[in-house]
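I opened this notebook to record, entry by entry, what I looked up in the structure. The sequence and the model are placed below for reference.

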Amino acid sequence: MTEKMTAQHSIGPVRFDSSTKALHGPGGEVKLEDKVAELLDFLCRRTGDVVSREEILETIWAGRSLSEQTVPVAISKLRKALRDAGAEDTVLQTVPKRGYRMVGKASRPESVSTRKSAWSGVRTWFIVALPIMVILISSFWPKGTPLVPPADAAKPGIILTVQDIRTESEAQEDRARVIALSELASYFLSQSPEVLVIRHWWNVDAPDPTGGIFTRYGAETPVYLLKGTLINDGESRVVTLFLSNPKTDEVLWSGVYDVADGSGALFSSLGDMFGRVGVAALDDVAPVAEEDDRYWVGRYLAHLSTEGAANSAARKWREMIEAEPDNVVVRQALSALSARWTSVEGVAGPIPEASDVSADYLLQVDRAVIALYQDRDAEAALAILEDILARAPGDHYALSLKAEALAAGGDTKAALEAYRKALRLAPFAKAYANRIIALQGGTAGAD
């Protein structure tokens with residue numbers, strides 16, 4: 001018999017309360033079956049370890065002789081639940097011929113009271129010391145030549161690997177906020193033509209934490225790592241941002257962003273960072289039309305390109321529409337999601353077009369989705385997507401849509417090329433990898 005479960009675990013943006021057997025994340029609450037909950041608790045307690053099928057059977061099923069599919073079926077149910085709650089597919093790995101491993105963003109358990117008490121002390125010290133830290137870091141920055149490759153260097157000229165913003169806060173609001181802020185940062189960063197922005201590639205526990213970046217692109221290509229942490233002191237919320245050289249761990253830039261100042265302030269801070277590495281400022285990126293965290297959590301989920309995540313995104317956006325029925329931005333986003341996924345209920349009545357589509361290229365992305373999946377006009381969708389990618393060449397979701405438009409038009413080779421690039425920008429997107437396999441097998445239609 002397994003011990004009684006009373007722990008809480010953080011799995012990226014998702015919190016698992018083993019006492020209630022429920023996941024809480026940006027996708028909402030997801031209840032787990034008893035054995036699936038026990039399995040997740042066991043894997044979280046062994047974060048980073050490869051756990052064999054035999055160990056799982058011994059621990060969760062007391063070593064009883066069961067079907068060979070018992071563990072794989074439970075793992076499959078667990079993956080779906082995590083995905084529906086808003087966790088990345090990569091947090092639970094299958095290690096061929098060895099077993100399973102919870103990696104990266106699953107924290108080991110500790111009592112809630114101990115964790116909150118410890119964090120309170122660290123948080124107070126950090127808030128007091130933060131201005132001093134930033135000043136000290138700034139004073140020791142190298143003042144020499146900007147860190148840029150030669151003008152004739154082959155692209156990518158600069159590689160920026162980005163980890164999602166993190167928080168130690170247990171508040172559901174803060175856990176949703178870091179996902180929203182990470183998506184906002186990606187929205188801004190992807191619009192630079194000089195930078196290859198790769199999300200979630202960094203795995204500090206791997207033998208090569210860059211995932212092969214240095215060997216793939218050459219040792220002379222500058223590679224940087226951007227990290228952020230949300231600090232909640234009870235009265236205000238600020239994000240500390242640090243850009244470092246992964247080879248030396250040298251901090252090259254730091255910034256502090258007050259969440260209350262909105263997306264414009266975040267973009268300004270990230271623009272300062274670009275200037276530090278010699279990237280041209282993105283002066284034409286205006287604050288976004290919709291600042292609500294639920295909207296950006298929905299964008300994150302929608303961009304995972306899975307049906308479960310799409311339904312979770314739809315729930316977020318319906319909440320917003322119920323409170324503000326005339327919100328054109330959210331109504332258009334939900335309409336596009338419904339056009340792509342038949343299980344997502346759309347919005348009633350005509351959807352007026354946003355007044356200034358050019359201010360937010362994601363509204364154009366929605367147009368492309370509707371053209372491709374609702375109007376079945378791959379040519380029109382492709383034309384829209386080419387315009388989008390001219391403005392935001394690093395947008396992995398737009399690239400995946402381009403791949404689907406090309407596949408619908410019969411150009412499987414070009415579709416595979418677009419999907420491979422999208423997967424390079426977003427290695428966490430398992431749906432892209434699955435579509436590459438399907439296209440290679442000759443299944444070239446849109447999903």
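**Entry 1. Terms and conventions.** I took contact to mean heavy atoms within 4.5 Å. Helices (H or I, at least four residues) and strands (E, at least two) are DSSP runs, numbered from the N terminus. I noted that this is a predicted model, in which local features need pLDDT of at least 70, side-chain atom pairs count only at pLDDT 80 or more, and totals for chains, interfaces and linings use all residues. Residues are numbered from 1 along each chain as its sequence is written, and side-chain values use heavy atoms, with hydrogens and water left out.

**Entry 2. Confidence.** I looked up pLDDT, the predictor's confidence in each residue, from 0 to 100. The protein chain has a mean pLDDT of 80, and 77% of its residues reach 70 or more. Among the elements of the chain, helix 13 (residues 396-408) has the highest mean, 96, and helix 4 (residues 112-139) the lowest, 48. Residues 1-5 have pLDDT below 50, and this stretch has nine contacts in the model beyond near neighbours in sequence. Residues 443-447 also have pLDDT below 50, with 17 contacts in the model beyond near neighbours in sequence. I kept in mind that where pLDDT is low, the predicted coordinates should not be read in detail.

**Entry 3. Helix 10.** I then examined helix 10 (residues 328-340), which has 13 residues. From its first C-alpha to its last it reaches 19 Å, close to the 18 Å expected at 1.5 Å a residue; the expected span is 1.5 Å times one less than the number of residues. For burial I used relative accessible area: buried is under 20%, exposed is over 50%, and partly exposed is in between (1.4 Å probe, protein chains only). Eleven of the 13 residues of helix 10 are buried, so this helix is largely enclosed by the rest of the structure. Among the buried residues are Arg331, Gln332 and Arg340, as well as Val329, Leu334 and Leu337. I asked what covers the buried residues of helix 10. The cover includes helix 8, helix 9 (307-323), helix 11 (361-374) and helix 13.

**Entry 4. Helix 1 and valine 36.** I checked the length of helix 1 (residues 34-45): at 1.5 Å a residue its twelve residues should span 16 Å, and its end C-alpha atoms are 17 Å apart, which agrees. Helix 1 is mostly covered, with nine of its twelve residues buried. These include Glu38 and Asp41 alongside Leu39, Leu40 and Phe42. Valine 36 lies in helix 1 and counts as buried, at 4% relative accessibility. Leaving aside neighbours within four places in sequence, valine 36 is in contact with Ala74, Lys77 and Leu78. Serine 76, in helix 3 (residues 70-85), is 40 residues from valine 36 in sequence and 9.6 Å from it in space, C-alpha to C-alpha. Serine 76 is partly exposed, with a relative accessible area of 44%.

**Entry 5. Nonpolar cores.** I defined a nonpolar core as a set of buried Ala, Val, Leu, Ile, Met, Phe, Trp, Tyr and Cys residues joined through side-chain atoms within 4.5 Å. The largest has 99 residues, of which Leu160, Leu189, Leu226, Phe274, Trp317 and Leu337 touch the most other members. Not counting residues up to four places away in sequence, leucine 160 touches, among others, Leu189, Val197, Tyr224, Leu226 and Phe274. A second, separate core of 30 residues includes Val51, Ile56, Trp61 and Leu78.

**Entry 6. Aromatic pairs.** I counted rings of Phe, Tyr and Trp (its six-membered ring) as a pair if their centres lie within 6.5 Å; planes under 30 degrees apart are stacked, over 60 edge-to-face, and the rest tilted. The count comes to eight aromatic pairs. Tyrosine 187 and tryptophan 296 form an edge-to-face pair, 5.6 Å centre to centre with 65° between the planes. This pair links distant parts of the chain, with tyrosine 187 in helix 5 (residues 172-189) and tryptophan 296 in helix 8 (residues 293-302), 109 residues apart. Both tyrosine 187 and tryptophan 296 are buried. Ring pairs link these two residues into a cluster with Phe188, Phe267, Phe274, Tyr295, Trp317 and Tyr361.

**Entry 7. A hairpin.** Two strands pair if DSSP finds at least two bridges between them. Strand 5 (residues 92-95) and strand 6 (residues 99-102) run antiparallel and are joined by four bridges. Valine 95 stands opposite glycine 99 in strand 6. The two strands form a hairpin with three residues between them, and lysine 97 in the turn has a positive phi of about 65°.
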